[in-house]
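I sat down with this chain today and kept notes as I went. Here they are, in the order in which I looked things up.

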Amino acid sequence: MKVSIKKISEITGFSPATVSNALNYKRGVNAETSAKILKTAQDLGYFDENHIRKVKFVMFKRDGSVVENTPFFISMISGVEKECRSRGMEMQICNLDKRDPGFKDQAKWIMNDKASAVILLGTEMTDEDVGLINGMNCPFIVIDYWNEGMAFDAMLINNADSARTATSYLISKGHTEIGYLRGDFRIKPFRSRYVGYQTALQKAGIVLNKKLIVTLGTTVDGAYEDMKKYLKTNQVLPTAFFADNDMIALGAMKAMSESGIRIPEDVSIIGFDDLPYSSISLPPLTTLRVPKQEMGRSAVRRLCAIIEDNDDVRFKIQVCTQFIERDSVRAIEK
């Protein structure tokens, strides 16, 4: 039977928290207590069974259009690195790219490395990639992806509720013609945000007008070019847009500004993510802030719990966003 922190706690008489701190070489445990805990753990074979001291942060890429060239994941990786360091663990960043000829071999190497735990960034994953998860032979948690089976630990942003909040805010400002800037790569987070957008309209008794849904690339440049093309063929715009993320919102804003469309005087806009340059755009972008660094730290904490407890309980953790009100939305007088 696997030796647990609870077992060591029972034998030594120290609390599970103290035992965990000693085993992870954290400050705050005196030398005598630490020595007793470590000796007991060694005698019980804890270190032979709990030898995982490395966390691999694996960035899954289908085409890279969402996870590349964005500062969003830099903060998340920073959180992972800080939490690993505080626990005396090593962190390694791996790119798992489906475009790479060696993709299958690399995936097999990651899945079968029992000396490491894995945080899998599944933002660009689709349901056809679920075999990657089913084949995992090490402790792991998936960020930004889930499926109906949910036979794995996952950490998600509360996308639908957040999008509903943003759209409801536009409605509270008097907007009834609210469009949707839709990312062309339909990752699961975007689909959930669309559901939240629809729900807010429905609750307000506003009929969804699909002519106000504009599909754009998921990079700033892609969204900019696609919005320019759209504006050349469409003269009628809603009074407001909710965008799948800040990258899309900022690219669209640039195209609209160059076309003489004023924000927020002519069109209001709300993004999602609160990227660093969203606060310095012209105008500063109203958006939803995701606690990116804390997501990274929490993922490591959950991994450590999986390693220590070795149980069959699976968690779906939803992370709440914070609404950030800036200058890209105007109120319409009724």
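The entries below go from the whole chain to a sheet, a helix and some charged pairs.

**Entry 1: ground rules.** I am working on a predicted model, where local features need pLDDT of at least 70 and side-chain atom pairs count only at pLDDT 80 or more, while totals for chains, interfaces and linings use all residues. Residues are numbered from 1 along each chain as its sequence is written, and side-chain values use heavy atoms, with hydrogens and water left out.

**Entry 2: the whole chain.** I found 12 helices and 12 strands in the protein chain. Both kinds are DSSP runs numbered from the N terminus: helices are H or I with at least four residues, strands are E with at least two. Along the principal axes, the C-alpha atoms fill a box of roughly 75 × 45 × 35 Å. Of the 334 residues, 53% are buried; buried means under 20% relative accessible area, exposed means over 50%, and partly exposed is in between (1.4 Å probe, protein chains only). I also looked up contacts, meaning heavy atoms within 4.5 Å. Among those with a separation of 6 or more, 72% are between residues 24 or more positions apart.

**Entry 3: the sheet.** I followed an open sheet of 6 strands, and its order reads S2-S1-S3-S4-S5-S11 with parallel pairing. At the edges sit S2 (90-97) and S11 (316-319), each pairing on one side only. Neighbouring strands are turned by 20° against each other on average, direction ignored; the axes behind such angles are lines fitted to C-alpha atoms, for helices over the stretch in contact, and angles run from 0 to 180 degrees between N-to-C directions. Two strands count as paired if DSSP finds at least two bridges between them.

Then I walked along the pairs:

- S3 (residues 116-121) and S4 (residues 140-143) run parallel and are joined by 4 bridges; Leu 120 stands opposite Val 142 in S4.
- S4 and S5 are parallel too, with 3 bridges, and Val 142 has Ala 154 as its bridge partner in S5.
- S5 and S11 run parallel over 4 bridges, with Gln 318 in S11 as the bridge partner of Leu 156.

**Entry 4: strand S5.** How many residues of S5 are buried? I get 5 of the 5, so S5 is largely enclosed by the rest of the structure. Both faces are covered: Asp 153, Met 155 and Ile 157 are buried on one side, Ala 154 and Leu 156 on the other.

**Entry 5: helix H12 and Lys 292.** H12 lies across S1 (54-61), S3, S4, S5 (153-157) and S11, and runs at about 155° to S4. Lys 292 belongs to this helix, which spans residues 292-309. Which side chain of opposite charge is nearest to Lys 292? It is Asp 274, 5.5 Å away, and Lys 292 is buried yet has no salt bridge. For charges, Lys and Arg count as positive and Asp and Glu as negative; His and the chain ends are not counted. A salt bridge needs a side-chain nitrogen of Lys or Arg within 4 Å of a carboxyl oxygen of Asp or Glu. The Lys 292 side chain does reach the backbone oxygen of Asp 274, at 3.5 Å. Leaving out residues up to four places away in sequence, Lys 292 touches Phe 72, Ser 75, Met 76, Asp 273 and Asp 274.

**Entry 6: charged pairs.** My search of the whole structure turned up 20 salt bridges, and I looked at three.

- Arg 85 and Glu 81 meet at 2.5 Å, N to O. They are 4 residues apart in helix H5 (residues 72-86), about one helical turn. Arg 85 is exposed at 54% relative accessible area, and Glu 81 is partly exposed at 30%.
- Glu 83 and Arg 297 meet at 2.8 Å, N to O. Glu 83 lies in H5 and Arg 297 in H12, so the pair ties together parts 214 residues apart in sequence. Glu 83 is buried at 4%, whereas Arg 297 is partly exposed at 23%.
- Lys 98 and Asp 129 meet at 2.9 Å, N to O. Lys 98 is in the loop between S2 and helix H6 (103-111), and Asp 129 in the loop between S3 and helix H7 (131-134), 31 residues apart. Lys 98 is partly exposed at 31%, and Asp 129 is buried at 5%.

Last note: Glu 83, Arg 87, Glu 294, Arg 297 and Arg 301 form one network through salt bridges that share partners.

Notes
Polar contact = N/O pair within 3.5 Å; in protein donor to acceptor, adjacent residues only side chain to side chain.
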